[in-house]
Structure formats: structure tokens, C-alpha cells
Amino acid sequence: MHDRRLIELCGLGRRVVGVALGSLAIASTVVGGRWLGFSTQDLGTVSASARSVGDDGLWLSHLWVDGRENEADVQSLPPNGAVVR
């Protein structure tokens, strides 16, 4: 009786360890894949036309994407290279 119970506990332990190792393998694949993707995007030569004035993340809003703004709105923008704070 005692031996049978011990064998059942070992089987349960193997299952728990197997699930834990499987979860760890999936998590490491996801994290490793993201790391690899983010680290390879900076490879290569930077184009001469790629320049910045220090405001790379300037947000103009969705109105510029969907066409709600017109030519007058475009003319009211600051000249190329001007920094607006």
C-alpha cells in the first residue's frame, strides 16, 4: 500500500515538473524571439536621408492620416526642421 502511494506521488511530481518545464520553454521562446527581433532591427547602414531634429516622436494626430486636414492646415505647419515646443 505504501509503495503504491509513493509511485502515484512520483507520477504527479513528474507531471507538475513537465508542465513547469513546458511553460518555461514557451516563455523563453517568446521572450527570446522578441529580444532577437528587437536587436536585429538596428543592423545595417543608416540611410543618409534618415535625419532627426530631436523630435522623432512628434505626434500630429489621426486627423492627418485619414484626410480631415486640408491644404490650409498643411500651410500652417512650421517649416521643415523647425522645432516647436
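What percentage of the 85 residues of the protein count as buried? I began my entries with this point, working from a predicted model. I found that 0% of the 85 residues count as buried.

**Entry on the whole chain.** I looked up the secondary structure and noted 2 helices and 0 strands. I then turned to the surface, where the protein exposes about 8,100 Å². Carbon and sulfur atoms supply 62% of that exposed area.

**Entry on Val17.** I located Val17 in helix H1, which covers residues 2–40. I recorded a relative accessible area of 48% for Val17, so I entered the residue as partly exposed, since that class lies between 20% and 50%. I also saw that Val17 joins Leu21 and Leu24 in making a nonpolar surface patch. I noted the area of this patch as about 300 Å².

**Entry on Ser39.** I placed Ser39 in helix H1 as well. Its relative accessible area is 32%, and I therefore listed Ser39 as partly exposed. I next asked which backbone oxygen the side chain of Ser39 reaches. I found that it is the backbone oxygen of Leu36, at 3.1 Å.

**Closing entry.** I set down two residues of helix H1 in this notebook: Val17 and Ser39. I have Val17 as part of the nonpolar patch, and Ser39 as the residue whose side chain reaches Leu36.

Definitions and conventions
Residues numbered from 1 in each chain as written. Predicted model: local features only at pLDDT ≥ 70, side-chain atom pairs only at ≥ 80, totals over all residues. Heavy atoms only, no water. Patch = residues over 30% accessible without salt bridge, like charges linked within 9 Å, V, L, I, M, F, W, Y side chains within 5 Å. Areas by Shrake-Rupley, 256 points an atom, 1.4 Å probe, with all protein chains shown as cover. Salt bridge = Lys/Arg side-chain N within 4 Å of Asp/Glu carboxyl O. Helix = DSSP H or I, 4+ residues; strand = E, 2+ residues; numbered from the N terminus. Buried < 20%, exposed > 50% of the residue type's maximum accessible area, 1.4 Å probe, protein only. Polar contact = N/O pair within 3.5 Å; in protein donor to acceptor, adjacent residues only side chain to side chain.
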